[in-house]
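Colleague: Please take one part of this model and go through it closely, in plain terms. I would like to see how that part sits in its surroundings.

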Amino acid sequence: MSRILRTGATETLARAVEYHGFVFTQGCVARDATLDLRGQVSDVLAQLDELLEQHGTDNTRLLQAQIWLKRIEDRPAMNEIWSAWLPEGAAPARAVVQAELADPRWLVEIMVTACK
Amino acid sequence: MSRILRTGATETLARAVEYHGFVFTQGCVARDATLDLRGQVSDVLAQLDELLEQHGTDNTRLLQAQIWLKRIEDRPAMNEIWSAWLPEGAAPARAVVQAELADPRWLVEIMVTACK
Amino acid sequence: MSRILRTGATETLARAVEYHGFVFTQGCVARDATLDLRGQVSDVLAQLDELLEQHGTDNTRLLQAQIWLKRIEDRPAMNEIWSAWLPEGAAPARAVVQAELADPRWLVEIMVTACK
């Protein structure tokens, strides 16, 4: 039985959970909800970088991502920042759909599965 | 090649699928769609307990969860019951978004990935 | 460290990613967005067949699926085609919710996790 490692665990959620070489993150949202779409995407990706680093991996080892946008028409702008962030040849499988998020000011939420 | 174990399989879906130490559940919804939000969350968590037990694990070994709420403003009430259900230090990575579910009376749907 | 294999990788996403015996697909949508619901579901399932085959597996080894419908009332029609496509006793754990997709003509998007 492999050990489960949890980062940033509260009574509600962990920011990331590692098991058997896989790293599962929470759905990350901007720490500052007043940022515009580009600012929020950048902040979410910075958080993912931190979480992956805390589990000894990085964005070259993403497997699958889910992205929720409050306004699906923000997809091109989100994609620009997303693609610039991804190392070449390291894009994960991905789904992007529209959804209302917990704070009405949040415009994007991203959850990933990565590996070590 | 590890064996795939399926619980409650119909021609459409399995209630849970186990492979290589991982357990993937369906999106569980309340068996009684007339229950209020708190009743539906409790029933969904009871179903998850049963599914995890059938695969030789439990809610101390959750890795990732997705929660859909018909009304995102139900998140605080859902969180209360969710947090009370979770063993201390065992919260999974998680995303909660709003979505219309298959039966208009369903207020919550939860799908988890766990391990043995 | 197992190797990560990516199929159809662009700067934005991979169509499928394989790691450690698991295969994660993108959220697949119809190549022809003018098809009706049944046509779109059939095309998405054909794409999944291709992706799974490219990773040395098939739809007898699905673990978990997420299905987004633009109109949740299309679920029965989607289920008909989905169930006819699935080999007997091979249904994955699954969640189906409503969501607005990137192209307003897209009626269905399906993302799966499978194994080899």
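Modeller: This is a predicted model. Of the 116 residues of chain A, 49% count as buried. Chain A has 2 helices and 6 strands, and their order along the sequence is β-β-β-α-β-α-β-β. A compact globule of 116 residues would have a radius of gyration near 13 Å, and the 14 Å of chain A agrees with that. Among contacts in chain A between residues at least 6 apart in sequence, 73% link residues at least 24 apart.

The part to look at closely is helix 2 of chain B, residues 75-85. Its buried residues are Arg75(B), Met78(B) and Trp82(B). Viewed down the axis of helix 2 of chain B, these buried residues lie within an arc of 65 degrees, so they line one face of the helix. A residue counts as buried here if 20 or more other C-beta atoms lie within 10 Å of its own. The buried residues of helix 2 of chain B pack against helix 1 (37-54), strand 4 (62-69), strand 5 (93-98) and strand 6 (108-115) of chain B. On the face turned away from the buried side, helix 2 of chain B carries the exposed residues Pro76(B) and Ala84(B).

Chain B also meets chain A: 22 residues of chain B are in contact with 24 residues of chain A. On the chain A side, strand 2 (16-19), strand 3 (22-25) and strand 6 (108-115) each supply at least two residues. Strand 2 of chain A gives the most, with 3 residues. By class, this side of chain A has 14 nonpolar, 6 polar and 4 charged residues.

Technical notes. Residues numbered from 1 in each chain as written. Chains lettered and ligands numbered in written order. Predicted model: local features only at pLDDT ≥ 70, side-chain atom pairs only at ≥ 80, totals over all residues. Contact = placed C-beta atoms within 7 Å. Helix = DSSP H or I, 4+ residues; strand = E, 2+ residues; numbered from the N terminus. Nonpolar A, V, L, I, M, F, W, Y, C, P; charged D, E, K, R; others polar. Buried ≥ 20, exposed ≤ 12 C-beta atoms within 10 Å, placed from the backbone. Arc of directions from axis to C-beta. Rg over C-alpha atoms; globule rule 2.2 N^0.38 Å.
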